[in-house]
Amino acid sequence: MGATLDARAARVAAHWMMRLQGGELDADARQALARWRAAHPDHETAWQRAEQVCRTFGMLPPPLAMPVLDRPAGAPRRAALKTLALLIAAGPAGWSMLKVPPWQAWTADLRTATGEIRHLALPDGSALSLNTASAADLAFSDALRLVQLRAGELHVATHPDPLQRPFIVRTSNGSIRALGTRFTVRQEDSLFGARTQVAVSQGAVEVRPAKGLPVIVQAGWQASFDEAAASAPQPLAPHASAWTKGLLYADDTPLADVLAQLSRYRHGVVRCDPAVARLRVSGVYQLHDTDKLLSLLQASLPIRVQRHSRWWISIEPASIF
């Protein structure tokens, strides 16, 4: 399965896989998929590679996945199809030559699996937490304390340094310099470019885009930036760092937003029917058991959790049978 595959078979396999992940395949469509796989050896090879992409990336990576919560399709979907087809056609041996960098996370100094949260003490006494599906490298020297966020999200509580070395978190968009602080950094990668989110709960940070002007973000505020510029700081969202305690807070939050957060901590797709997407949720939930979290939501809301497979769950109105 290392050789380059026929491009048309790869495109069709990508189309089928994204339909499957988006919950679009009924019984007739699944039979049509089975017939297509059996029609030619290249079709079956393409499908196996599509499944391998899912296994390797912990299901489809977010930039490639279908709009899980019924966001409108169009150009983003076409671009995602193109990228997924490229991965399928190239195969694992060719991934290192593509602009899809999973190996950077695989080889990082610190990593977490989907659903895992890790808490670590750094060499200077600072505390670092890694959120689900995250990766980071450490580079501490006599002159600098550097954390390179490769993927996902981290939280840092800095410790006073006798050597007075600056504490820097670097992402693909630029850097964040701690000014005696507690803060969260999240890197969001998409087909349209990367963006970094910063939330400060104590002290302050200096956000410095790679090609833009620096911005100071004070405690109680958050901002985002790409390579060119940083956004104006906005008030910090309540409980922004609750994940460090393994908790998900909802305070009159739309069900669709709660499910978007939950889906980061489990493999596969969680699809929300538009009919229930705006139901309001309030409560505090444990992130370590997403199945229990779904059961609690089902018990408190007029919804039904439909489990189509271990990879695909849909949330529907309770009246659907």
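Here is a short chat between a trainee and a mentor about this predicted model.

Trainee: Before we start, what kind of model is this, and how are residues numbered?

Mentor: This is a predicted model, where local features need pLDDT of at least 70, side-chain atom pairs count only at pLDDT 80 or more, and totals for chains, interfaces and linings use all residues. Side-chain values use heavy atoms, with hydrogens and water left out, and residues are numbered from 1 along each chain as its sequence is written.

Trainee: How many helices and strands are there in the chain?

Mentor: Both kinds of element are DSSP runs, numbered from the N terminus: helices are H or I with at least four residues, and strands are E with at least two. Counted that way, the chain has seven helices and 18 strands.

Trainee: What share of the chain's residues is buried?

Mentor: Buried means under 20% relative accessible area, exposed means over 50%, and partly exposed lies in between (1.4 Å probe, protein chains only). The chain has 321 residues, and the buried share is 45%.

Trainee: What share of the contacts with a separation of 6 or more comes from residues 24 or more positions apart?

Mentor: A contact here means heavy atoms within 4.5 Å. Among contacts in the chain with a separation of 6 or more, residues 24 or more positions apart account for 52%.

Trainee: How do H1 and H2 run relative to each other?

Mentor: Helix H1 covers residues 7–21 and helix H2 residues 27–39; their axes are 12 Å apart and the packing angle is about 155 degrees. Axes are lines fitted to C-alpha atoms, for helices over the stretch in contact, and angles run from 0 to 180 degrees between N-to-C directions. Angles under 35 degrees count as roughly parallel, over 145 as roughly antiparallel, 65 to 115 as roughly perpendicular and the rest as oblique. So H1 and H2 are roughly antiparallel.

Trainee: Which residues of H2 make the contact with H1?

Mentor: On the H1 side, the contact is made by Ala9, Val12, Ala13, Trp16, Arg19 and Leu20. Facing them, the H2 residues are Ala29, Arg30, Ala32, Leu33 and Trp36.

Trainee: And by class, how many residues in that contact of H1 with H2 are charged?

Mentor: Ala, Val, Leu, Ile, Met, Phe, Trp, Tyr, Cys and Pro count as nonpolar, Asp, Glu, Lys and Arg as charged, and the others, Gly among them, as polar. The contact of H1 with H2 has nine nonpolar residues and no polar ones, and the charged residues number two.

Trainee: What about H6 and H7: how do they run relative to each other?

Mentor: The axes of H6 (residues 255–263) and H7 (residues 290–300) come within 11 Å and cross at roughly 170 degrees. Leu255, Val258, Leu259 and Leu262 in H6 meet Thr290, Leu293, Leu294 and Leu297 in H7. By class, that contact has seven nonpolar, one polar and no charged residues. The angle means that H6 and H7 are therefore roughly antiparallel.

Trainee: Which strands stand at the edges of the sheet with E18?

Mentor: Two strands pair if DSSP finds at least two bridges between them. Three strands form an open sheet in the order E15-E18-E17, with mixed pairing. Each edge strand has a single partner, so one side of it is left without a neighbour in the sheet; these strands are E15 and E17.

Trainee: Which residue in E18 stands opposite Arg304?

Mentor: Strand E17 (residues 303–307) runs antiparallel to E18, with five bridges joining them. The two form a hairpin with four residues between them. Opposite Arg304 in E18 stands Glu316.

Trainee: On the other side, which residue in E18 stands opposite Val269?

Mentor: Four bridges join strand E15 (residues 269–272) to E18, and these two run parallel. E18 itself (residues 312–317) is mostly covered, with six of its six residues buried. The residue opposite Val269 is Trp312.

Trainee: Is Cys272 buried or exposed?

Mentor: Cys272 sits in strand E15. Its relative accessibility is 1%, so Cys272 counts as buried.

Trainee: Which residues does Gln202 touch, beyond those up to four places away in sequence?

Mentor: Gln202 belongs to strand E9 (residues 193–202), and at 42% relative accessibility Gln202 counts as partly exposed. Leaving out residues up to four places away in sequence, Gln202 touches Gly180, Thr181, Arg182 and Ala219.
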